[in-house]
Amino acid sequence: MVNRENPERVVINTETLKETQQRIRKILEWCRDYLRQNYPNLVIDDSLRIDPAKFITIINKNEIDQDLNEVSEREQQFQEKKPIGIDFSSGEVLEIYKTALLNKILSQDYVIVRTSKYDDYFNGVDNIILDKNTGEVIAAIDDIADTMSQRFITKKKNIINRNLNKGGVIKYGLSIDKESKEIIITKYLEGIPIIYIALDEKHLYKLVEQFDNPEIENKFIEFVINLIQLIISEIDLKKNLVKGIDQEEINKRLENLKRLVKSLEQRQKELSGRQK
C-alpha cells in the first residue's frame, strides 16, 4: 500500500509493525547484554546510545545539562503520535538492527554503538565504529529508512560533501586506552569518515524478521560493502576538484574506509564458507 500523503513511502500494516517491534526489542536486549558483558566500561544507556551524563569528568556539568535540554527541545519539535504498541520508529528500528548486526559481524576487530542523542540530532551521526586495534573511531554512520525520496538524495549528497570537508564530528566520543585496552570516554572528535546505510521500511522489516539467518547476514554485508565502495569512489573522484582541502587527511579517511571494507569482505568469506 502507498501512503497518499507521500506516494514514495509504502505503508506497512499495523500487525507487521507490532511483530517487528517485538523482534527489535529482543535484538536490542541481545546487543545490550553483549556489549555490557564484553565491555564493562562502555558508557551506553539501555538503547545502546552513548550516555552524556557519564562525561562529567571531562565536560562541564552545566554544558552537559544544556546539551540535554537542547535534545529535549528538539524531540518536542518532531515528536509524533505512535500507534499503541509501537515504541520504535522506522529510523530507530534501522539504528538498532544495524548496531546489533554489525557488532555480530565485526566483533573481532570493532565495537559499534549508537551515538548520544546530541550527536545524532546536532552532528548528524547515528553510530560510531571503534577500532579495537588502533583504539580510534574508524568511521561514523548516518542512516535513513528510505531509498527514494528527495530527503535520501539530499542526505547522500551531504555525506559526500562532509567527507570532503570536516568529516564527521562527535562531541561525546569513545576511544581505547593503549595501555589498559579499556574503552574510555573522549570529547570532541573530528575528521571521522562517514558512511550512510539506507533501507526502505519494507526491506528493513524483512531483515529484522530474519536476524539470525546467515544467508541474510551475508547479503547485508554485501549491501554495506557496496555502499561504502560507492562512497570511496565518489570521494576519490571529487577530492582533487575541491580547493583548499587537506589531501592527506582525505586520504587517511579513505584508507580507514578501505580497511573497514576489507574486514567486511573477510567476514563475508567466512560466512560463505560455512554455508557450503
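Which residues is Glu-217 in contact with, leaving aside its neighbours within four places in sequence? Keep that one in mind; we will select Glu-217 on the way.

**Before you click**

What you have open is a predicted model, in which local features need pLDDT of at least 70, side-chain atom pairs count only at pLDDT 80 or more, and totals for chains, interfaces and linings use all residues. Residues are numbered from 1 along each chain as its sequence is written, and side-chain values use heavy atoms, with hydrogens and water left out.

**The whole chain**

Start with a cartoon view. The protein has 8 helices and 6 strands; helices (H or I, at least four residues) and strands (E, at least two) are DSSP runs, numbered from the N terminus. Follow the chain from that end and the elements come in the order α-α-α-β-α-β-β-α-β-β-β-α-α-α.

Switch to the C-alpha trace, which spans about 50 × 50 × 40 Å along its principal axes. The radius of gyration is 19 Å, in agreement with the value near 19 Å for a compact globule of 276 residues. That radius is taken over C-alpha atoms, and the globule rule is 2.2 Å times the number of residues to the power 0.38.

Colour by accessibility next: buried residues make up 47% of the 276 residues. Here buried means under 20% relative accessible area, exposed over 50%, and partly exposed in between (1.4 Å probe, protein chains only). For contacts, the cut-off is heavy atoms within 4.5 Å. Of the contacts between residues at least 6 apart in sequence, 68% join residues at least 24 apart.

**Stop 1: α3 against α6**

Select residues 90–106 for helix α3 and residues 201–209 for helix α6; their axes are 11 Å apart, at an angle of about 40 degrees. That angle makes α3 oblique to α6. Angles under 35 degrees count as roughly parallel, over 145 as roughly antiparallel, 65 to 115 as roughly perpendicular and the rest as oblique. The axes are lines fitted to C-alpha atoms, for helices over the stretch in contact, with angles from 0 to 180 degrees between N-to-C directions.

Now show side chains. On α3, pick Ser-90, Val-93, Leu-94 and Tyr-97; on α6, pick Glu-201, Leu-204, Tyr-205, Leu-207 and Val-208, and you have the contact. By class it has 7 nonpolar, 1 polar and 1 charged residues. In this scheme Ala, Val, Leu, Ile, Met, Phe, Trp, Tyr, Cys and Pro count as nonpolar, Asp, Glu, Lys and Arg as charged, and the others, Gly among them, as polar.

**Stop 2: α3 against α7**

Keep α3 and add helix α7, residues 214–238: the two axes come within 11 Å and cross at roughly 100 degrees. This makes α3 roughly perpendicular to α7. From α3, select Tyr-97, Leu-101, Leu-102, Lys-104 and Ile-105, which meet Glu-217, Phe-220 and Ile-221 of α7. The classes here are 6 nonpolar, no polar and 2 charged residues.

Zoom in on Glu-217, in helix α7. At 4% relative accessibility, Glu-217 is buried. Here is the reply to the opening question: Glu-217 is in contact with Leu-101, Lys-104, Ile-105, Arg-267 and Leu-271, its neighbours within four places in sequence left aside.

**Stop 3: α5 against α7**

Stay with α7 and bring in helix α5, residues 150–163; the pair packs at about 55 degrees with axes 10 Å apart. α5 and α7 are therefore oblique to each other. Highlight Lys-156, Ile-160 and Asn-163 of α5 together with Leu-230, Ile-231, Glu-234, Ile-235 and Lys-238 of α7 to see the contact. Its residues divide into 4 nonpolar, 1 polar and 3 charged.

**Stop 4: around β5**

Most residues other than glycine have a negative phi. Go to Lys-181, which is not a glycine yet has a positive phi of about 65 degrees. Lys-181 sits in the loop between β4 (168–176) and β5 (183–192), and is exposed at 59% relative accessible area.

Move along to Tyr-188 in strand β5, where phi is again positive, near 55 degrees. Tyr-188 is partly exposed, with a relative accessible area of 45%.

Last, select Ile-58, in the loop between α1 (14–38) and α2 (61–78). Ile-58 is partly exposed at 30% relative accessibility. The C-alpha atoms of Ile-58 and Thr-186 are separated by 8.0 Å, with their places 128 residues apart along the chain. Beyond neighbours within four places in sequence, Ile-58 is in contact with Ile-185, Thr-186 and Lys-187.
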